[in-house]
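Okay, thanks everyone, I'll keep this short. Have a look at the sequence and the structure while I bring them up.

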Amino acid sequence: LELQQKGEDKAQGGKKVIDMLKYILSESEKEETAAHQMEQEAQHTFEDSMAALKQEQTDTQAALTNKNMELADSLLELQQKGEDKAQGGKKVIDMLKYILSESEKEETAAHQMEQEAQHTFEDSMAALKQEQTDTQAALTNKNMELADSLLELQQKGEDKAKTEQEKVAIERYLERIKPGCDFIVENFATREANRATEAAALDQAVTLLKESPTYASAKAKEQERAQGECAGVCKVSQDQVDCKACLAKVSVPGFVQATRAPQVASESEDFDG
């Protein structure tokens with residue numbers, strides 16, 4: 001049941017991660033749609049502004065044309081009345097030239113205004129597109145960071161579940177071995193005392209064995225085997241000169257001389273001193 005529960009929790013965690021990634025994708029699509037809509041609204045606003053500007057330019061040119069026509073009619077009327085025909089004709093021509101010059105100036109100003117508006121719109125659109133690009137890049141980075149965080153969270157959740165499972169296994173193992181450990185701790189002093197008693201008994205047994213005739217006989221036989229051909233000479237006592245000379249594989253006089261030489265040298269040194 002515990003493993004089944006952990007499997008269900010893991011599946012639930014995976015479902016949460018998938019739901020979160022779907023939410024992130026949905027929000028990204030919404031923001032992209034909003035940015036596209038903003039771009040379309042800016043385009044419509046510019047088109048409406050340009051249409052209004054062109055209509056205003058058309059109305060202004062129409063009004064100016066009407067005024068020019070009225071002024072031309074008035075001048076012609078004055079010319080027809082005969083008031084200084086020559087001078088009046090010159091004034092009419094000058095006035096028409098002035099009207100033409102002003103019309104050209106207004107047309108140039110209107111064209112320049114249209115170009116400035118076009119440049120302003122293009123700059124605004126470029127800034128909006130750059131802002132949209134930066135925003136989408138930042139959003140993508142945030143979504144990646146969020147996805148990494150969710151995956152890391154899922155991994156840590158799995159690690160936690162595994163650690164908890166290992167902890168439960170260790171606790172159960174400790175529960176199984178606890179009676180044996182408690183027995184060792186509770187009986188440690190008794191076991192140490194028993195060991196001391198056993199060691200003393202073994203030492204006593206060794207002493208008794210060494211004192212037994214059997215051990216002495218076996219020891220003597222071992223010693224005879226070690227002495228080899230000198231066993232017969234050393235049978236009486238190993239402290240005899242004959243035994244020592246035999247074991248040293250030298251003659252008795254040679255052994256005596258060899259053992260006395262250090263003693264004589266020592267006595268000579270004492271005398272010289």
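I'll go from the overall fold to the surface, and then to some salt bridges.

One thing up front: this is a predicted model. So, what do we have in terms of secondary structure? There are six helices and zero strands, and reading along the sequence you just get α-α-α-α-α-α.

Now, how much of the chain is buried? Of 273 residues, 12% count as buried. The chain exposes about 21700 Å², with carbon and sulfur atoms supplying 57% of that area. As for contacts, take those with a separation of 6 or more: 63% of them are between residues 24 or more positions apart.

Let's move to helix 2, which covers residues 85–186. Tyr-173 sits in that helix, and together with Ile-170 and Leu-174 it makes a nonpolar surface patch of about 310 Å². Why can Tyr-173 be part of a patch? Patch residues need over 30% relative accessible area, and Tyr-173 has 45%, so it clears that cut-off while counting as partly exposed.

Okay, salt bridges. How many are there? The count comes to four, and I'll walk through some of them, including two in helix 2.

Take Glu-152 and Lys-156 to begin with. Their side chains meet in a salt bridge at 3.3 Å, N to O. The two residues are four apart in helix 2, so about one helical turn separates them. Glu-152 is partly exposed, at 44% relative accessible area.

Also in helix 2, we have Lys-167 and Glu-171, again four residues apart and separated by about one helical turn. Here the closest N and O atoms are 2.5 Å apart. Lys-167 comes out at 48% relative accessibility, which makes it partly exposed, and Glu-171 is partly exposed too, at 35%.

Then on to helix 3, residues 188–211. Which residues pair up there? Glu-192 and Arg-195 do, with their side chains meeting in a salt bridge at 3.0 Å, N to O. This time the spacing is three residues, which is still about one turn of the helix. And are they buried or exposed? In between, actually: Glu-192 is partly exposed at 37% relative accessibility, and Arg-195 is partly exposed at 41%.

So, to recap: a predicted model with six helices and zero strands, a nonpolar patch that includes Tyr-173, and four salt bridges, among them Glu-192 with Arg-195 in helix 3. That's it from me, happy to take questions.

Technical notes. Residues are numbered from 1 along each chain as its sequence is written. This is a predicted model: local features need pLDDT of at least 70, side-chain atom pairs count only at pLDDT 80 or more; totals for chains, interfaces and linings use all residues. Side-chain values use heavy atoms; hydrogens and water are left out. Buried means under 20% relative accessible area, exposed over 50%, partly exposed in between (1.4 Å probe, protein chains only). Contact means heavy atoms within 4.5 Å. Accessible areas come from the Shrake-Rupley method with a 1.4 Å probe; for residues, only the protein chains shown count as cover. Patches are made of residues with over 30% relative accessible area and no salt bridge: like charges are joined within 9 Å, nonpolar side chains (Val, Leu, Ile, Met, Phe, Trp, Tyr) within 5 Å.
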